[in-house]
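Thanks for making the time this morning. I would like to walk you through one structure, and I will take it a piece at a time.

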Amino acid sequence: AGRLTLKVPHLKISHETIYQFIYAKENRKIKLFELLRKRHQHRQLKYGRRSQKLRIPGRISIEARSEEANLRLAVGHWETDNMEGKRKTSGCVSALVDRKSLVTKLAKLSSKTALEKEVSIINVFKNWPPHLIKSITYDNGTENHTHQKVAKALHCQTFFCHPYHSWEKGTVENTLGLVREYLPKGMDLSTITQGELSWIADQLNQRPRK
């Protein structure tokens, strides 16, 4: 949609129109969705899910996050999320992405527990200068229960998206979509090594991105 306006200024089309064409019933046999970065067979809806009871101590809403972070004015404001294998026993990958620079860090988790997540984030940043870790934005998963320990260890702030508002941390969500090109859904992530994850992160960090 953006490229067409640049190439042919008198022609315009919205991204929504393009998506509607890709997922139109009469075009399903063509499987145009397979040409997308994220090859979802059906469009992913943002709304319509039930509310969630929050049990995370010291949880601070994303509404309190600074404009510096919201507007991507400086590096040091991170988003994090987990990518799971097909089964609970098939491994898990933790991702951290800086909102401004898009620098990506991937770490292997042996389980989806709060302790694993806490230790992983602290180990990633333990030798980094403080001005590069100002805040971390989480979702409301139970693996983020000990976020206060991470904040204390790294001297940073932590914020949480609204329940089921995954697009509020869209940077890491989109990055995990790119990681899926290397680690497709259904893969046993327990077989992946940290070295392989670091290589994937390096591929993303060296790729020309917006």
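**Salt bridges, cysteines and a helix**

Let me start with the charged pairs: a search of the whole structure finds six salt bridges, and I should say at once that this is a predicted model, so please hear every distance as one computed from predicted coordinates.

One of these pairs is Lys 134 with Glu 68, whose side chains meet at 3.2 Å, N to O. Lys 134 sits in the loop between α4 and β4, while Glu 68 belongs to helix α3, residues 67-70, and so the pair ties together parts that are 66 residues apart in sequence. As for solvent, Lys 134 is partly exposed, at 29% relative accessible area, and Glu 68 is likewise partly exposed, at 30%.

Another salt bridge is formed by the side chains of Arg 99 and Glu 79, with an N to O distance of 2.6 Å. Here Arg 99 comes from the loop between β2 (92-98) and β3 (104-109), and Glu 79 from strand β1 (residues 77-84), so that parts 20 residues apart in sequence are tied together. Are these two residues buried or exposed? Both Arg 99 and Glu 79 turn out to be buried.

Strand β1 also supplies Asp 81, which meets Lys 169 in a salt bridge at 2.9 Å, N to O. Lys 169 lies in the loop between β5 and α6 (170-179), and the pair therefore links distant parts of the chain, 88 residues apart. Lys 169 and Asp 81 are both buried, and they belong to a network of salt bridges that also takes in Asp 139 and Glu 173.

Turning to the cysteines, how many disulfides does a search of the whole structure find? The count is zero. For Cys 92, the nearest cysteine sulfur is that of Cys 161, 17 Å away, and Cys 92 itself is buried, with a relative accessible area of 3%. Cys 156 is also buried, at 10% relative accessibility, and its sulfur lies 15 Å from the closest cysteine sulfur, again in Cys 161, which is too far for a bond, because a disulfide would need the two sulfur atoms within 2.5 Å.

The last piece I want to show is helix α5, which spans residues 147-154 and in which His 147, Val 150, Ala 151 and Leu 154 are buried. Why do these four fall on the same side of α5? They cover an arc of only 100 degrees around the helix axis, and this places them on the same side. The general background is that an α-helix has 3.6 residues a turn, so residues three or four places apart point the same way. On the other side of α5, by contrast, Lys 149 and Lys 152 are exposed.

What, then, covers the buried residues of α5? The cover includes α4 (114-125), together with the strands β4 (135-138) and β5 (157-160). Those two strands run parallel and are joined by four bridges, and Ser 135 stands opposite Gln 157 in β5. Taken together, β4, α5 and β5 make a right-handed β-α-β unit. One backbone detail deserves a mention before I stop: just after α5, His 155 takes a positive phi of about 55 degrees.

Conventions
Residues numbered from 1 in each chain as written. Predicted model: local features only at pLDDT ≥ 70, side-chain atom pairs only at ≥ 80, totals over all residues. Heavy atoms only, no water. Buried < 20%, exposed > 50% of the residue type's maximum accessible area, 1.4 Å probe, protein only. Arc of directions from axis to C-beta. Contact = heavy atoms within 4.5 Å. Pairing = 2+ DSSP bridges. Right-handed = clockwise from strand over helix to strand, strands pointing away. Salt bridge = Lys/Arg side-chain N within 4 Å of Asp/Glu carboxyl O.
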